[in-house]
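Please open the model in the viewer and prepare to make a series of selections. Each stop below names what to select and then describes what is found there.

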Amino acid sequence: VRQDLDDVLRGMDGAPYGQYKRLSGVWRLDGGALLRVVRGQADPFAPPARLAVRLDPATAGLPPELLTSDDRRRAVAARLAATAAREAGDGPLRVDGGGQEVLHRSSCVVDPDGTVTLRLGAPLPGRGRRIDGPAARRLLCGQLPELVAQLAFDRLDEAALWRQVACVEDSVALREQLPALGLVAFVADGAVLPRRSGVSDRPARGPEVVPFASPPELRTTVRLPHAGEVSGMGVPEGVTLVVGGGFHGKSTVLRALESGVWDHVPGDGRELVVSRADTVKVRAEDGRRVARVDVHAFVDNLPTGADTADFSTDNASGSTSQAASLCEAVEAGARVLLIDEDTAATNLMIRDARMQALVAADREPLTPFVDLVGSLHRDHGVSTVLVMGGSGDYMEVADRVLLMDAYRPADVTARARALVAEVPTGRTTEADRFPAVTHRVPDPDSLDPAVRGRPKVRARGADTLSYGEDDIDLRAVAQLTDSRQVAGVGLALRELLRGGHVDGRRTLAAALDRLEADGGLTTEALLAVRDEDFAVPRRHEVAAALNRLRSLRIAA
Ligand code: ADP
Ligand code: MG
């Protein structure tokens with residue numbers, strides 16, 4: 001450990017930019033933290049240098065009660081990352097502070113012994129192609145230690161830290177209780193579901209916001225470690241249909257459930273809106289690639305004569321893309337599906353009596369989801385929450401019908417049952433069973449980002465993963481929360497290959513099981529692949545990205 005960073009930078013002033021490589025090694029900063037340059041910066045226009053700053057337990061000063069579980073450490077680390085990002089502001093130091101979700105992030109990690117590691121980017125200052133010594137000293141010996149000093153426990157808002165820990169622990173406890181309660185999701189009374197705008201994930205505010213109020217029929221009370229008794233709406237297993245007029249808040253409820261797989265920061269409004277960890281949003285996505293997916297439950301007798309039990313295309317239609325995404329989700333282990341009419345393919349969702357009469361069954365390749373959704377639950381234990389305001393056909397198959405009226409939910413199951421008897425659809429049921437999903441074995445070579453020469457994997461914005469020569473389009477993967485999680489997916493894909501999980505014999509589901517069992521979906525494992533800003537994704541997002549990789553080949 002070297003102590004003389006200031007002197008060394010002073011001596012470098014005016015030297016060729018490449019001399020910055022002499023910073024490799026470990027340096028003690030003012031205040032005691034240790035600085036390591038993880039990756040240097042080749043020239044003034046290259047991506048910023050990557051730094052890791054470590055505070056030992058005594059310097060960080062975190063009390064042992066904040067370190068007792070992985071959830072606590074995640075909550076504390078997220079709060080520290082947000083603090084550091086706020087402190088860095090628009091300045092040169094770049095810290096990923098995270099958003100509304102409390103995720104495992106590489107930008108800040110808290111170890112069980114209380115060690116805090118902050119990872120950040122720093123553009124090393126230059127004058128032309130020469131080192132700007134004074135600016136480098138201001139940055140690394142001034143701004144950096146000042147920022148790090150803000151992370152010491154006695155500088156933090158202790159009450160806010162504990163609120164974040166309590167919030168995360170309650171949400172985790174609630175999610176764990178769902179299966180025993182026979183629920184797939186829970187929305188607490190008083191929750192604020194709408195967001196500020198289409199581009200801001202912060203809670204909406206103002207007098208027009210209607211806090212969530214559960215309908216009496218679905219009201220459930222849970223006991224949480226910190227909040228105590230909390231009442232709210234329990235969404236039961238099975239098929240739940242959400243109906244209501246346009247603009248009455250249906251999609252907003254569904255989006256809150258999508259996000260309910262993550263924990264949220266205090267003040268988000270969705271702190272106690274929680275869904276099971278294996279909940280996956282499914283939507284139509286025409287143009288996507290599909291690699292040997294068994295979609296015959298939904299599609300057969302294609303005009304091309306293609307085998308739909310082993311279906312591939314470089315350019316899926318709306319309906320086939322949604323069918324493939326749904327089968328893939330179940331293959332990867334999803335046990336709750338979320339579908340919104342706004343993003344679903346109508347012809348995959350419904351076919352009414354008149355259309356059945358006009359187009360003979362043997363001329364129509366599609367079996368509508370309405371005839372499969374019940375069996376998906378009965379025979380496979382996969383529940384569905386579906387938003388559908390435009391067709392009443394699903395009343396027939398729904399276990400529960402929820403009506404959104406001016407942002408207030410009502411349980412209209414009984415009325416819907418009566419209507420099923422009073423107003424028959426006249427439909428003929430087109431399927432009585434959802435067949436077992438077929439498991440696929442991915443070919444490891446096709447997962448290698450270097451297959452076509454360029455090994456680089458990198459997140460581009462919030463919904464594209466640049467993967468070797470290919471771009472994986474993740475716009476339809478709704479539960480990815482930000483670009484850092486896209487980066488995390490890229491690392492996890494590389495870990496699937498590097499760790500030998502995808503080996504040409506194992507099914508995709510088995511490979512994901514093994515990745516998880518090996519601790520592959522942790523900050524530590526993904527950092528070992530590459531030290532960069534990322535958030536840890538779920539297996540479902542990893543699978544979704546793999547399924548959208550255009551080079552993917554299926555061995556069997
Ligand atoms: P739907 O899917 O039923 O057409 P949306 O969920 O898209 O309706 O909501 C329509 C609008 O109402 C959106 O701008 C949304 O932000 C807003 N909104 C949703 N829920 C609430 C609420 N509880 N309070 C106030 N505004 C809401
Ligand atoms: Mg909608």
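Select helix H15 together with the elements that its buried residues pack against: strand E15 (279-281), helix H7 (318-332), strand E24 (470-473), helix H12 (483-498) and helix H13 (508-517). The model is a predicted one. Helix H15 spans residues 539-548, and 10 of its 10 residues are buried. The buried set includes the charged residues Arg539, Glu541 and Arg548, along with Val542, Ala543, Ala544, Ala545 and Leu546. His540 and Asn547 also belong to the buried residues of H15.

Next, select Ser106, in the loop between helix H3 (70-88) and strand E4 (108-110). Is Ser106 buried or exposed? Its relative accessibility is 0%, so Ser106 counts as buried. Display the residues that Ser106 touches, leaving aside those up to four places away in sequence: Arg50, Arg119, Thr523, Leu527, Glu532, Asp533 and Phe534. One of these, Glu532, places its backbone oxygen 2.7 Å from a polar atom of the Ser106 side chain.

Now move to ligand 1 and select its surroundings, which comprise 13 residues. Those that come nearest are Val210, Phe247, Lys250, Ser251 and Thr252. Colouring the shell by class gives 5 nonpolar, 6 polar and 2 charged residues.

Which residues should be inspected for polar atoms close to oxygen atoms of ligand 1? Begin with Thr252, where a polar side-chain atom lies 2.6 Å from a ligand oxygen. For Ser251, an N or O atom of the side chain is 2.9 Å from an oxygen atom of ligand 1. At His248 the partner is a polar backbone atom, with a distance of 3.2 Å to an oxygen of the ligand. On its own, ligand 1 has 570 Å² of accessible area, of which the protein covers 78%.

Keep Ser251 selected and add the magnesium ion, ligand 2. Which protein atoms act as donors to the magnesium ion? They are OG of Ser251 and OD of Asp342, lying 2.1 to 2.2 Å from the ion. The two donors link distant parts of the chain, being 91 residues apart. Ser251 belongs to helix H6 (residues 250-259), whereas Asp342 sits in the loop between strand E18 (336-340) and helix H8 (346-349).

Finally, compare the accessibility of the two donors. Ser251 counts as buried because its relative accessibility is 13%, under the 20% limit. Asp342, at 57%, counts as exposed, since the threshold for that class is over 50%.

Methods:
Residues numbered from 1 in each chain as written. Chains lettered and ligands numbered in written order. Predicted model: local features only at pLDDT ≥ 70, side-chain atom pairs only at ≥ 80, totals over all residues. Heavy atoms only, no water. Near = heavy atom within 4 Å. Polar contact = N/O pair within 3.5 Å; in protein donor to acceptor, adjacent residues only side chain to side chain. Areas by Shrake-Rupley, 256 points an atom, 1.4 Å probe, with all protein chains shown as cover. Donors = N, O, S within 2.8 Å, 3.2 Å for Na, K, Ca; no water. Helix = DSSP H or I, 4+ residues; strand = E, 2+ residues; numbered from the N terminus. Buried < 20%, exposed > 50% of the residue type's maximum accessible area, 1.4 Å probe, protein only. Contact = heavy atoms within 4.5 Å.
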